[in-house]
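Let's take a quick tour of this protein, starting with how far to trust the coordinates and moving on to one helix and one pocket.

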Amino acid sequence: MARVTTFMGFTIPHLLRSACRLCPAHSTLVVLRHSASCYCTVNGTTQSKRKMDHLERTANNFRQEVISQAKVCGITNESETVKRLRLAITNKDFTFKAGQWVDFFIPGVSVIGGFSMCSSPGLLEREGVIELAVKYTDHPPARWIHTECTLDSEVALRVGDLHGYQESKGNGYKMGTVKLYYSAKNTNELLFKKNILGLMSALPGKITCRFHVTQQNSPICEELQPHITEGRISGKDLEKHVSKDTLWYICGPPPMIESISQLLYNSGVHRNCVFFEKWW
């Protein structure tokens, strides 16, 4: 566990105070853990029938020390249900690595959001911005992004890491191959499909993708035809890639994660080789 530090000469942005409501002598990590524990217990009784919120789910995960204000500088409709936010970061010490996520603080909204970056660390280095892709739900942060967020809206961000932040010391892995199975309701909901096709073209043999659509009602464009299947991802699709050297990364709603995980376990994949995150 990372060391706990206190606010020494550091001021929490004003918009965070309504969410934290703790004096500056408390550490940022304690603030987040305290907030999480308040969500999950009432009068000492755990609320087991309620869905876990973001801070509850990640209460034991490492957070970086930097909390940065950010301003919305771009909003794009990636699909009917997903918006892409482009956020200008004001703190030059704000950094992240691919695969990390942010605590998302919104002025006037007491619930803290948690969203993964969909842009690369290189974009932050070059332009000082990050991007988030957020699907509409009734969860207050997602609803705010879809119904109230505008250009120049101000928020605050804090980077978190599911496995603990580590310096780049090398992990012994050599670049291998990536096989992506990507499922959505229809082709309109296959976000970033052009980017994925571009990577497949730029790195032949290194990256391949099989798109799946489950409720497609219109003809599929030719560009996707060689790479698309109508129907859900099945155990047979995955079994062909099972080996002792394969790592599996799953992202999606909890029922989908549990279903795919079980398919892998049934195919002989060791649990230590399966990684996922649950947000909803």
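## How confident is the model?

This is a predicted model, and the protein averages a pLDDT of 77, with 75% of the residues scoring at least 70. Over residues 1-49, though, the pLDDT is below 50. That stretch still has 70 contacts in the model beyond near neighbours in sequence. Residues 163-170 also stay under 50, and here the model has 8 contacts beyond four places in sequence. Where pLDDT is low, the predicted coordinates should not be read in detail.

Which elements mark the two ends of the scale? Strand β1 (residues 41-42) has the lowest mean pLDDT, 32, while helix α5 (residues 140-147) has the highest, 96.

## Helix α5 and its strands

So what does α5 keep buried? The buried residues are Pro141, Ala142, Trp144, Ile145 and His146.

As for their partners, the buried residues of α5 pack against five strands named here in sequence order: β4 (82-89), β5 (101-106), β6 (109-116), β7 (129-135) and β8 (154-161).

## The second largest pocket

Now for some empty space. The second largest pocket holds about 230 Å³. It is lined by 12 residues, and Lys92, Phe94, Thr95, Leu124 and Glu125 are the closest to its centre.

Which element gives the largest share of that lining? Helix α4 (residues 121-127) does, with 3 residues. Sorted by class, the lining of this pocket comes out as 6 nonpolar, 3 polar and 3 charged residues.

Definitions and conventions. Residues numbered from 1 in each chain as written. Predicted model: local features only at pLDDT ≥ 70, side-chain atom pairs only at ≥ 80, totals over all residues. Heavy atoms only, no water. pLDDT = per-residue confidence, 0-100. Helix = DSSP H or I, 4+ residues; strand = E, 2+ residues; numbered from the N terminus. Contact = heavy atoms within 4.5 Å. Buried < 20%, exposed > 50% of the residue type's maximum accessible area, 1.4 Å probe, protein only. 1 Å grid on protein atoms, 1.4 Å probe; cavity = no way out; pocket = protein on both sides within 12 Å on 5 of 7 lines; lining within 4 Å. Points joined across faces, edges and corners; volume = space filled by probe spheres on them. Nonpolar A, V, L, I, M, F, W, Y, C, P; charged D, E, K, R; others polar.
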